[in-house]
Amino acid sequence: MELFKRAIVSLPSSILIASLSLSFVFRFLSLPNPYPTTFLAFLDKSLRLGFFLMYKAASLGLLRSTPLRSSPSSLFKPLASSRISASLVGSRSVAFVRPLGVLSGSLRYSCGSDRRSSSGSVRALIGEKPAVVDRFERKFATMAAENPFKGILTSLPKPGGGEFGKYFSLPALNDPRIDKLPYSIRILLESAIRNCDNFQVTKNDVEKIIDWENSAPKLVEIPFKPARVLLQDFTGVPAVVDLACMRDAMNKLGSDSNKINPLVPVDLVIDHSVQVDVAKSENAVQANMELEFKRNKERFAFLKWGSTAFRNMLVVPPGSGIVHQVNLEYLGRVVFNTEGLLYPDSVVGTDSHTTMIDGLGVAGWGVGGIEAEAAMLGQPMSMVLPGVVGFKLNGKLKNGVTATDLVLTVTQMLRKHGVVGKFVEFYGEGMGELSLADRATIANMSPEYGATMGFFPVDHVTLQYLKLTGRSDETVSMIESYLRANKMFVDYNEPQAERVYSSYLELDLASVEPCISGPKRPHDRVPLKEMKADWHACLDNKVGFKGFAVPKEVQDKVVKFDFDGQQAEIKHGSVVIAAITSCTNTSNPSVMLGAGLVAKKATELGLQVKPWIKTSLAPGSGVVTKYLLQSGLQDYLNKQGFNIVGYGCTTCIGNSGDLHESVGAAISENDIVASAVLSGNRNFEGRVHPLTRANYLASPPLVVAYALAGTVDIDFETEPIGVGKDGKNVYLRDIWPSSEEIAETVQSSVLPDMFKSTYEAITKGNPMWNNLTVPATSLYKWDSESTYIHEPPYFKGMTMSPPGPHGVKDAYCLLNFGDSITTDHISPAGSIHKDSPAARYLMERGVDRKDFNSYGSRRGNDEVMARGTFANIRLVNKLLNGEVGPKTVHIPTGEKLYVFDAAMKYKTEGHNTIVLAGAEYGSGSSRDWAAKGPMLLGVKAVIAKSFERIHRSNLVGMGIIPLCFKQGEDADSLGLTGHERYSIDLPTNISDIRPGQDVTVTTDNGKSFTCTVRFDTEVELAYFNHGGILPFVIRNLASSQN
């Protein structure tokens, strides 16, 4: 140490100043460089080394009179305790604000965590900085703020004079490669250019994106900073809980809790809480909303507190609509104008169907709640530069074919093609035949076909929709002018430049035929004409995605029962739920009005839906109600039982409410495979309702048709739907409207003033919301007795030192799964079963069964959600040898226990656990509790054949190791039963781990196999090193100065 001191003292200051000055002049001021590139690189390293030496000198007290309050013995500890910190020299910082402040913070903590003073404050860790260090930090912060692309900042003139603002001009780069880029990649490029500071986003990142054609196949990593974040209440409540908890953690670390504030706009729409408790009633909306507030008053008050405690957060009250339709019709900006700077709208959301906004030409996709929280706080998202599938549309849909038929066809095609982790970009002459609502329907189901997003570039159709939905003429003019100027607008009246895509697909719209999808997965499309045969095959097939294994001798069994005093009957395939629901379809006037026309024709012919079928209509916004009333079609829907029940997701997310007691008993007592038909986007078994084992996705008009038929066991071509009042058979073709009829109804019924009046009132709330009182505090006062909002344990005992990576030693297998385990299986959103550990917890705290509410509504309470992890009643766990349900085997004792109880037993015994799984593990909703829950249960790793994109990143974000079997291998082929103990060999130093490297897994019975560790980027390794993304965020914010 004395030698080091003498070296610094003897080092002439002129050498330090020369190296710093020369590098600054040529590297950062962009002056003419007379030296070779290698010399500049040397100067660049000199600059970094010089600053490091000065910092060390200051730390030793050689540049000031007051020494630091620490032992100098820590100075030769590694430069940083995390991979990211260690890579700051020669790389970008992935921290949040004022990059050099973060750099110096990282240097402080590299010297150990034993510098903490009795006050525990961050400032006390380093004492007062010497003036020379402070000046250098200020100089570096200034340099970091200098955008190297400021020379292409260009004025956008208004047509009548003046300017809209300034923008970073892609054409000004004069790079021919940009003209070939897909439009979706251009949005990533503009974001990288605009946010380039050579720390969080570097010029090298920009070059990667410009060279997308060559760099994307190499799976290079890029940072992305979305313009805004979108939440719904099921995922929004835990996100705000996390933010409140992070503020507490910042306080305990002695830092400023107000650093936990969104830096980008955050919009939260409360839409997931309303349930269909009351249906077939004129008073259903009011009755269901009263019950919604009664159940969720505490949650809603918490969200209202969040909207006042955190900056940049807008909360749209309950009863306003579905988040994605509100986003499409109101929240979507398309182009931002922030203090005179123009840039494309982009959004990440905590709901996987955030992709619906892609239909408006806004780049958006779903992420986990923990990723969204980091994005709110200014953290660049690390992503692999995606490939882009070009999907060419030709021709025109045939008469009577709906957008739902189209999206189910597209979903099947893209699933077969393989688009996980990729963008899909639609183009071609057929685009002009699709309305904006049709495009949004296709974009909405991106998660179902596996793509990160399904993108429709802005064109004239987009502009017409913006005007229809009440955006001002000046705003639309600005949007068009900006996008044209920046080569982001498609004008199909002009010759199209050839764009390059990673792969290509093509669809003739005229080839699309009516279809539905099911009975258990969205991409299992069934042409309508083949439905009857497919249904009977499903009855025969062994239990699986297309099978129920119903014995032949009981397939025609009819169960008769009493329904409110009248004779009723059901059999296999009987429809017991028919729901017009979900953002996928309720945003589309053509299919909604089409449903109304089917109801009208059926009513006029004398057909009537059976009273024991639970029918409902849940519009995505108040606009739908207005145009259904304007058209006169709501009356006919009411007559068929499709009364409006509320404005939210309802049946699509499992909030279908109870079936009539007699119907439920007839199903469960006779083992009937009952069916639900819904205009939704998810139909996984156990999601829609516990008693509907067959669930089919269909267009709203087909939902009405199947409700009228009363069964899915029907061939609409040859069999009648029913008998009319004249005694004649009525077929589907007799009540199906033509495309022209629907178009005329849309034209006369959907009016711009409907959108304006609806959204002018949207933030005014309603009396129940407005009467909620919340405290005006920045820190939340946790109530230990609350069963809705509970302080989570994520940051208890947290210090500024990252815990480092961990392997797994002698872990037991908690669960052994097959393919397609969804986030609904892992963390259900629906009802809480009366015998479950979560129910036990609630009853112990005095909660009546009628007040259990749903798992989704209790995501603000980690105690409930941990008990709800793997609580799906349709869970198939190989350890149970065919038994279905939320239980597992405690391997050491052989006991069969609820999964939560087994996990707690393992934890009490000091054992780690892992999960074995097949392909597509974690598919479905972007549900962060599907990662948080397993972490709280003690799961350290998941070994699967493949992961759904969002869920894999969520696992990383919670510190769980995702591992993939090698191609062609799985648990069965390797002879793994789940009764073994597993050890995963990971280096203890994060710098020894690389994204995507191979690791060895061994078992206690002598087996050994190789897996790929699915940390896909360097940033994800940093998260793992810190124990998860949120601890990483807190440590970076706590160490930053602004």
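Which residue forms a salt bridge with R840, and how far apart are the closest N and O atoms? In this predicted model, the partner of R840 is D901, and the closest N and O atoms of the pair are 2.9 Å apart. The contact connects distant parts of the chain, as the two residues are 61 residues apart. R840 belongs to helix α33, which spans residues 837–844, and D901 to helix α35, which spans residues 899–908. In total, 50 salt bridges were counted.

Helix α35 also packs on strands. It lies across β26 (808–816) and β29 (913–916), and runs at about 170° to β26. Both strands belong to a closed barrel of seven strands, which follows the order β26-β29-β30-β31-β34-β33-β32. Pairing within the barrel is mixed, and the twist from one strand to the next averages 40°. Strands of a sheet are paired by backbone hydrogen bonds, in either a parallel or an antiparallel manner. Within the barrel, β33 (residues 998–1003) and β34 (residues 1008–1013) are antiparallel and share five bridges. V1001 has F1009 of β34 as its bridge partner.

A second sheet is open and has five strands, ordered β6-β5-β4-β9-β10, with parallel pairing. Its edges are formed by β6 (313–316) and β10 (363–366); each has a single partner strand, so one side of each has no neighbour in the sheet. Neighbouring strands are turned by 20° against each other on average, with direction ignored. Four bridges join β9 (residues 346–349) to β10 in the parallel sense. For G349, the bridge partner in β10 is G366.

Two helices lie across strands of this open sheet. Helix α14 (residues 323–331) crosses β4 (228–232), β5 (266–269) and β6, and its direction is at about 140° to β4. Helix α15 (residues 369–376) lies across β4, β5 and β9, and likewise runs at about 140° to β4.

The search for internal space gave eight cavities of 30 Å³ or more. The largest cavity has a volume of about 190 Å³. It is lined by 23 residues, of which H272, D351, I653, R687 and S925 are the closest to its centre. By class, the lining of the largest cavity comprises 11 polar, seven nonpolar and five charged residues.

How values were computed. Residues are numbered from 1 along each chain as its sequence is written. This is a predicted model: local features need pLDDT of at least 70, side-chain atom pairs count only at pLDDT 80 or more; totals for chains, interfaces and linings use all residues. Side-chain values use heavy atoms; hydrogens and water are left out. On a 1 Å grid over the protein atoms alone, a cavity is a set of points where a 1.4 Å probe fits but cannot get out, and a pocket is an open set with protein on both sides within 12 Å along at least five of seven lines; lining residues have an atom within 4 Å of a point. Grid points are joined across faces, edges and corners, and a volume is the space filled by probe spheres set on the points. Ala, Val, Leu, Ile, Met, Phe, Trp, Tyr, Cys and Pro count as nonpolar, Asp, Glu, Lys and Arg as charged, and the others, Gly among them, as polar. Two strands pair if DSSP finds at least two bridges between them. Axes are lines fitted to C-alpha atoms, for helices over the stretch in contact, and angles run from 0 to 180 degrees between N-to-C directions. Contact means heavy atoms within 4.5 Å. A salt bridge is a side-chain nitrogen of Lys or Arg within 4 Å of a carboxyl oxygen of Asp or Glu.
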